[in-house]
Amino acid sequence: MTRRHWQDLPLAVVEAVEQNTGRIRSVESVATGAVSDLVVVLHTTTGTHFCKGVESDNPLGWMHRNEARLNPHLPGIAPRLRWLVDQDGWLLLGFDHVAGRHPDLAPNSMDLPSVAQTLTALSEFTPSPSVKVQRATTRWAGRLCPDVIDGDTLAHTDVTPRNFLIGPAGVVVVDWSTPCRGAAWIDTALMVVRLVRAGHPPADAQTWAEQIPAWTSARAGALDAFAGAVAELMRDRQKKSGAPHLASLAAAADCWLRYRAAL
């Protein structure tokens, strides 16, 4: 995907943004993000804003609309959506800007306790039943039996370190475009896979996960099934996209599954 620049926007779109932000003094491009056509930090007369957006022909634009719809119902560790501009072929979302760095998941990292605290907080958040969120049983239909992952907790589901920001005020979790409602341990299990990929032996990754209370609610058979399903899903996605990081996640999930099979 070719990333667009702020100067590529129609003048009417820029003017609509400035109605929400005040005059834009400078624009800082952000390189990360796989779906957005535009990701920038806006320095304006009213402060600093994080902005991401898509063109109307982006087939994944529904993810931005989903995030905008759900933002008012997210836990406090998610940045607030402050404005939305939808015109002239662009959808732009403006969030509170969060200064911070991404955590290091390597063994013995000093960031691991903060990540565990954040996952504990996430596992305790249940949105109102009136908030429409895809159920995990639907997300994983055909890969997992419903009783394995059903629940009412809001799972982020994309626990890449790029979606965690550690700053002076604590940890903020960003990019809530694809959450689901399911078992309280889902995000922790997905983090176990990432820890294994980061170099943790599966036994150590599971021991780390035990400090998160929701982990104890997962049945052994459920974790076995989940590890296998994650590996299969990552392989399927890698074949379609060719993204190398998906192959490494599949290998990590397989490693975890082999460890569990030997218990």
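In helix α3, the buried residues (buried meaning under 20% relative accessible area with a 1.4 Å probe, protein chains only) are L112, V115, A116, T118, L119, T120, L122 and S123. This is a predicted model, where local features need pLDDT of at least 70, side-chain atom pairs count only at pLDDT 80 or more, and totals for chains, interfaces and linings use all residues. Residues are numbered from 1 along each chain as its sequence is written, and side-chain values use heavy atoms, with hydrogens and water left out.

Helices here are DSSP runs of H or I with at least four residues, and strands are runs of E with at least two, numbered from the N terminus. What covers the buried part of α3? The cover includes β6, β7, β8, α6 and α7. As for length, α3 has twelve residues (112-123), so at 1.5 Å a residue it should span 16 Å, and its end C-alpha atoms are indeed 16 Å apart. The expected span is 1.5 Å times one less than the number of residues.

Now for the sheet. Five strands form an open sheet in the order β1-β2-β3-β5-β4, with antiparallel pairing; two strands pair if DSSP finds at least two bridges between them. β1 and β4 stand at the edges with a single partner strand each, so one side of each has no neighbour in the sheet. Two helices pack on this sheet, with angles running from 0 to 180 degrees between N-to-C directions, and contact meaning heavy atoms within 4.5 Å.

| Helix | Strands touched | Angle of direction |
|---|---|---|
| α1 (residues 11-21) | β1, β2, β3, β4 and β5 | about 160° with β4 |
| α2 (residues 61-70) | β3, β4 and β5 | about 40° with β5 |

Let's zoom in on β4 (residues 81-87) and β5 (residues 90-96), which pair in the antiparallel sense over six bridges. D86 has L91 of β5 as its bridge partner, while V85 stands opposite L92. Their hairpin has two residues between the strands, and D88 takes a positive phi near 50° there.

L92 also turns up beside G53, a residue of strand β3 (residues 47-55). These two are 39 residues apart in sequence, but 4.2 Å apart in space, C-alpha to C-alpha. Is G53 buried or exposed? G53 counts as buried because its relative accessibility is 0%. Leaving out residues up to four places away in sequence, G53 touches S36, D37, L38, H64, W90, L91 and L92.

Note on methods:
Buried means under 20% relative accessible area, exposed over 50%, partly exposed in between (1.4 Å probe, protein chains only).
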